[in-house]
Amino acid sequence: MLFNSFEFILVFLPLTLGAFLLLRRQQHRLLLVVGASYLFYAAEAWWFPALMVTTTTISFVCGRLIECAPSDRARRRTLAAGIVGVLALLGWFKYAGWLAGSVSSLLETITAPGLPALERLTSDILLPAGISFFTFEAISYMVDVYRRTIPAERNPLRYAYFISFFPHLIAGPIVRYGKLGPQLKRTYRLDPELLRSGLLLFAIGLAKKVLVADTIALQIDPLLEDPSGLGLIDSWLLMIGYALQIYFDFSGYSDMAVGMARMFGVELPWNFDRPYRAANPSDFWRRWHVTLSTWLRDYVYIPLGGNRRGPLRRDLNLLLTMGIGGLWHGAALTFVIWGLWHGMLLVAHHHLKRLPLRLGRPAAVALTFALVTIGWVFFRMPTLAEAGDVLAAMAGLNGLGTPLASLAAVLVVAGALAWGLPEEWRWRMETWGPRRVAGAAAVSVLALLSVNAAQKFLYFQF
Amino acid sequence: MRLVYLFLALVAAALVAVAATVRLIDPVGWYYKPRVVEAALERPSEQCLVSERLIGERASPEFKAELVERRRARTIVAGTSVVLSLHAWPGERGFTNVGVRNTGVEALRPMFERVHATRREPLTVYVGVSPHWFNASWEAPNRPFGPRPLDQLDYLLARQNLQSSLNVLVSTSGSLVEGFERQQVGGRCVLARGPWVGDGEAETWAADGSSVTRWDLVSEVSRGPGDDFARDLVDYESTYYGDWTEFDRDRLAELERALTLAKSYGWNVVGFAPSFSRRYVERLSTAPGLRERWREYGELVPARFRRFGFSFLDLRDVREVPCADDEFDYGNDGWHTDRRCAMRVRHLLDRAAGAPAPGRPASTSIGRPSRKGPD
């Protein structure tokens, strides 16, 4: 069930919210939301909830055991067991097929017929939606309990809510228990302003997805099917198009998630803050998919030593962290390269910022955007060969190409929105008056009329 | 809360208005309109064709079921778009084509039940069984009779359908919101609304339920380059035959259930494999992965029909009919036999059913001028 479907918008969400508002006891509300979330997840595939139950159980039990463990060693061991447990599920469902295929191909090139039996075993594994997200949330919970940042949760229902809450289940934002848990302990009180801002944020997020991201996708997807004929101008236009598409797609999703959570009285963390206004790579990662970048910082980069062990180790840690971030997105070399590209940009930025070189802010923003856009080539193209074709075209090796006038027109509008307006969660919608609310309603209607042609959210695949 | 209610009320009001407009105008014929059938059949001397803009893909099962009753059908043909060109012999009143586009084997039982509810007497039933029905990776977009309410929302609340509805309003000056008009297209009477049939953009239904395509109707419409094989095959393999790793036994069982039903109704059933052009046959019977499925089809499907005492004609190779390689519709696509070739198929089916010979298969009044190939 997609957020951008009538099934969800006109049936699932109103029924769940309606029932939630009718209930009086907090425990009943939690039960309702957890039940609805499992139903929502089962709509993808009937057996997905079993996977979520497993991750929830492992991390909940480990949290309790870590807290009760008699020694630091026991705590460490329990944490390691918990992390291995939830990562094993992620590894099997997300990476086994890729690893088996890669090993088999390698063997095939060196010697013999590869490992067809292993390939067959892993080729039909279906990637459960959202598994990367709730696995990271479970890990963050166990590590936070281990670090004594938070106490272990004793109420399994509240913990199940944390993992399964449907607004953030499939594609984030990646939530920390320390932020969500206290909100669940408070008894819900209907807050009309929060409800209104949630409703409006959901509507604006939907519009970003179906009116902007999908419009761009319609133009660029057919042309990126065969990138071998692209030239300088069209390749840049297409990749700028993709940069804007993925931004409006994912930030639209995040707005919908944050908006929905508000309707249920929960404040989720924001994920984007006009990332293409960033003036350097570090700034970009403070604005793009913030809940992931902070997760990687807190649970990978810092445990690796962060910047505490000298510049060389810091650079290595940055590359490793971003490489892991790339691999988290998808089991493919292209994603790893995308992550490493950003790692290199961060390393380069750390070194260059010490030099007495200063660009004006517009030039710095433009340069950062160009570098990020080059990175998107690896993210978007399914194979390295195709990514190579696009990069060659962007370098001007295939001639000028053709200016795509209609795409350029769409990009001007999308670009004006991306650079000209503040991020939607900053709009203080709870203060809006009747005129703005009516305007949002008009935009919502336009978006709803495009729902039947809508495409999946790009981040649903991760 | 006042502003929350304002927001919800505005959105709801706008959506209701859009849905009502699309429902009223129904720009692609989603809803069945009995009045159209009345009008099409009211003059026996000149039965009009019906534009698919008035009765579209979704409404066609209801339309076909209605035709079965009105024509007092004795012979029907069921299947998907590849059987739609099978039509009545000149002067034959008891034939009805109940084929529905984009359906799979799951569509047979509901259609059989509906036909039997209307005509409780032994019928001769021809069933075109498409090979791709048994590809588990392919799912039929349509299920006849009663789309789910959510499908209706997708239709009623679609921007393009609102746009099409407004186009109808503009092109007919608002006079044909719920109605239709008799147009003359290619010398035939066509019930339509708007200019689309005349522009050669839409298909039509004949009074026997068969499809009359733009290529049959408007002589100026180009048949295409005559060799869309390469392009179509890409579509074909990525949709109908994509990822066909094993013959779907569940759907084979569904076919058996449909045949059991037909047997219980006392129907005389003849199954057949719709025809492909020579190049498709060569491709599908030799491509790695597909050739095994192609062979299994030839073994498993006819055996199911025979198990019930029914005949089956394997006409996958169009030369078996025989028809020429360019006797296909939709720009000569290689897998939708045209009306002329279809009647040679019909002749074989009649013979297999033991039906009285209707005379030589002939080109019909709306067929194209004679072209090369056996007659």
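**View 1. Polar contacts between chain A and chain B in a predicted model.** Two residue pairs are in polar contact between chain A and chain B, both at pLDDT 80 or more. Three helices of chain A each supply at least two residues of the side that touches chain B: α1 (6-22), α10 (192-224) and α19 (434-448). Which helix gives the largest share of that side? It is α19(A), with eight residues. By type, the residues on this side of chain A divide into 19 nonpolar, four polar and two charged.

**View 2. The extent of the interface between chain A and chain B.** Here 25 residues of chain A are in contact with 19 residues of chain B. The area buried between the two chains is about 1,900 Å². Carbon and sulfur atoms give 82% of that area. How many salt bridges does the rule find across this interface? The count is zero.

**View 3. Chain A as a whole, a chain of helices without strands.** Chain A has 19 helices and zero strands. Its radius of gyration is 23 Å, close to the 23 Å that the globule rule gives for 462 residues, so chain A is as compact as a globular protein of that length. Along the principal axes, the C-alpha atoms of chain A fill a box of roughly 65 × 65 × 50 Å. Of the 462 residues of chain A, 55% count as buried. Contacts between distant parts of the sequence are also counted in chain A. Among contacts with a separation of 6 or more, 79% come from residues 24 or more positions apart.

**View 4. The surroundings of Glu153(A), a buried residue in a loop.** Glu153(A) lies between α6 (131-146) and α7 (156-164) of chain A. Is this residue buried or exposed? Glu153(A) counts as buried, because its relative accessibility is 3%, and the cut-off for buried is under 20%. Its side chain makes two polar contacts shown here. One, of 3.2 Å, is with the side chain of Arg158(A). Another, of 2.4 Å, is with the side chain of Tyr177(A). Which residues are in contact with Glu153(A), leaving aside its neighbours within four places in sequence? They are Phe60(A), Arg64(A), Tyr141(A), Arg158(A), Tyr159(A), Tyr177(A) and Lys185(A). Arg158(A) and Tyr177(A) thus appear in this list, and each also makes a polar contact with Glu153(A).

**View 5. His289(A), a buried residue with a positive phi.** His289(A) is not a glycine, yet its phi is positive, about 40°. The residue sits in the loop between α12 (281-285) and α13 (290-301) of chain A. Its relative accessible area is 0%, so His289(A) is buried.

**View 6. Asp243(B), an exposed residue with a positive phi.** Where in chain B is Asp243(B)? Asp243(B) is found in the loop between α8 (229-238) and α9 (249-264). Phi of Asp243(B) is near 50°, a positive value in a residue other than glycine. Asp243(B) is exposed, because its relative accessible area is 64% and the cut-off for exposed is over 50%.

**View 7. A cis peptide bond in chain B.** Which two residues does the cis peptide bond join? They are Val321(B) and Pro322(B). Omega of this bond is about 5°. Pro322(B) is in the loop between β10 (311-314) and α12 (339-353) of chain B.

Conventions: Residues are numbered from 1 along each chain as its sequence is written. Chains are lettered from A and ligands numbered from 1 in the order in which they are written. This is a predicted model: local features need pLDDT of at least 70, side-chain atom pairs count only at pLDDT 80 or more; totals for chains, interfaces and linings use all residues. Side-chain values use heavy atoms; hydrogens and water are left out. Contact means heavy atoms within 4.5 Å. Buried area is the accessible area (1.4 Å probe) that two parts lose on being put together, summed over both. A salt bridge is a side-chain nitrogen of Lys or Arg within 4 Å of a carboxyl oxygen of Asp or Glu. A polar contact is a pair of N or O atoms within 3.5 Å; within protein, one must be able to donate a hydrogen and the other to accept it, and residues adjacent in sequence count only if both atoms are side-chain atoms. Helices (H or I, at least four residues) and strands (E, at least two) are DSSP runs, numbered from the N terminus. Ala, Val, Leu, Ile, Met, Phe, Trp, Tyr, Cys and Pro count as nonpolar, Asp, Glu, Lys and Arg as charged, and the others, Gly among them, as polar. The radius of gyration is taken over C-alpha atoms; the globule rule is 2.2 Å times the number of residues to the power 0.38. Buried means under 20% relative accessible area, exposed over 50%, partly exposed in between (1.4 Å probe, protein chains only).
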